Amino acid sequence: MKVVIISGSPRKTANTQVVMKYVFEYAKSKNTDTKLINLSEGKIECFRGPDEEYNEDTQKAANDLMNADVWIIGSPIYNSFFSAAVKNLFEYVNYKKTAGKVAGMAILAAGNIGFIDVQTLITQLLSYFRVITNPKAVFLTTESITDNAVSDVDAQNRLKTMIDETLELASKVQNN
């Protein structure tokens with residue numbers, strides 16, 4: 001099974017990166033064919049239309065997404081929305097090549113507000129791509145991160161459970 005982890009913050013020192021690197025390491029321990037797309041690296045170009053030429057990193061990220069069976073998306077909440085960098089990444093994805101994929105998500109915010117709104121928005125985006133979404137998103141605040149690590153044990157356990165359940169759901173979808 002091919003898994004892609006998306007760290008959806010464009011910020012170089014983002015807390016979302018910390019969370020999604022933790023997610024990546026755990027997912028990789030469960031499934032060796034796991035890749036990380038880190039949007040803070042700035043290698044994904046701004047979408048300019050389907051007929052434009054894009055750099056190799058952008059093309060690779062789009063292909064990795066379309067070839068993956070599972071997406072684990074991590075996004076911060078910015079102004080009551082998910083990251084524009086995540087939306088930009090999905091502009092490259094051909095919806096005709098994504099039906100039946102499975103996704104899980106982790107959403108990070110500074111405080112306890114907006115989680116359900118952002119989960120709904122990401123789920124709507126994934127519905128367009130005909131992706132089956134694990135309904136148990138993980139909501140985290142920045143309080144769960146200390147010294148560039150997911151330090152809250154409950155947060156770690158919720159992330160692991162979301163990954164395990166998303167991989168299990170994908171396995172069931174593949175076997176049908």
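## Around Trp71

In this predicted model, Trp71 touches residues from several parts of the sequence. Setting aside neighbours within four places in sequence, its contacts are Val4, Leu65, Phe90, Val93, Thr98, Lys101, Val102, Ala103, Gly104, Leu126 and Val131.

## Two nonpolar cores

Trp71 also belongs to the largest nonpolar core, which has 32 residues. It is listed among those with the most contacts inside that core, along with Ile6, Leu65, Ile73, Phe90, Ile122 and Leu126. Six elements each give two or more residues: the strands β1 (3–7), β3 (70–78) and β5 (102–109), and the helices α2 (56–67), α3 (84–90) and α4 (115–128). The most come from α4, which gives 5 residues.

Another core lies apart from this one. That second core has 24 residues, including Val3, Ala27, Ile163 and Ala170. In soluble globular proteins, nonpolar side chains tend to be buried together.

## Helix α4

How far apart are the end C-alpha atoms of α4? They are 20 Å apart. This agrees with the expected span, because 14 residues at 1.5 Å a residue should also cover 20 Å.

Which residues of α4 are buried? They are Phe115, Val118, Gln119, Ile122, Leu125 and Leu126. Looking down the helix axis, these buried residues fall within an arc of 125°, so they line one face of α4. Their cover includes α3 and the strands β3, β4 (81–82), β5, β6 (132–133) and β7 (138–141).

After α4 comes Arg130. The phi of Arg130 is positive, near 60°.

Methods
Residues are numbered from 1 along each chain as its sequence is written. This is a predicted model: local features need pLDDT of at least 70, side-chain atom pairs count only at pLDDT 80 or more; totals for chains, interfaces and linings use all residues. Side-chain values use heavy atoms; hydrogens and water are left out. A nonpolar core is a set of buried Ala, Val, Leu, Ile, Met, Phe, Trp, Tyr and Cys residues joined through side-chain atoms within 4.5 Å. Buried means under 20% relative accessible area, exposed over 50%, partly exposed in between (1.4 Å probe, protein chains only). Helices (H or I, at least four residues) and strands (E, at least two) are DSSP runs, numbered from the N terminus. Contact means heavy atoms within 4.5 Å. The expected span of a helix is 1.5 Å times one less than its number of residues. The arc is that of the directions from the helix axis to the C-beta atoms.
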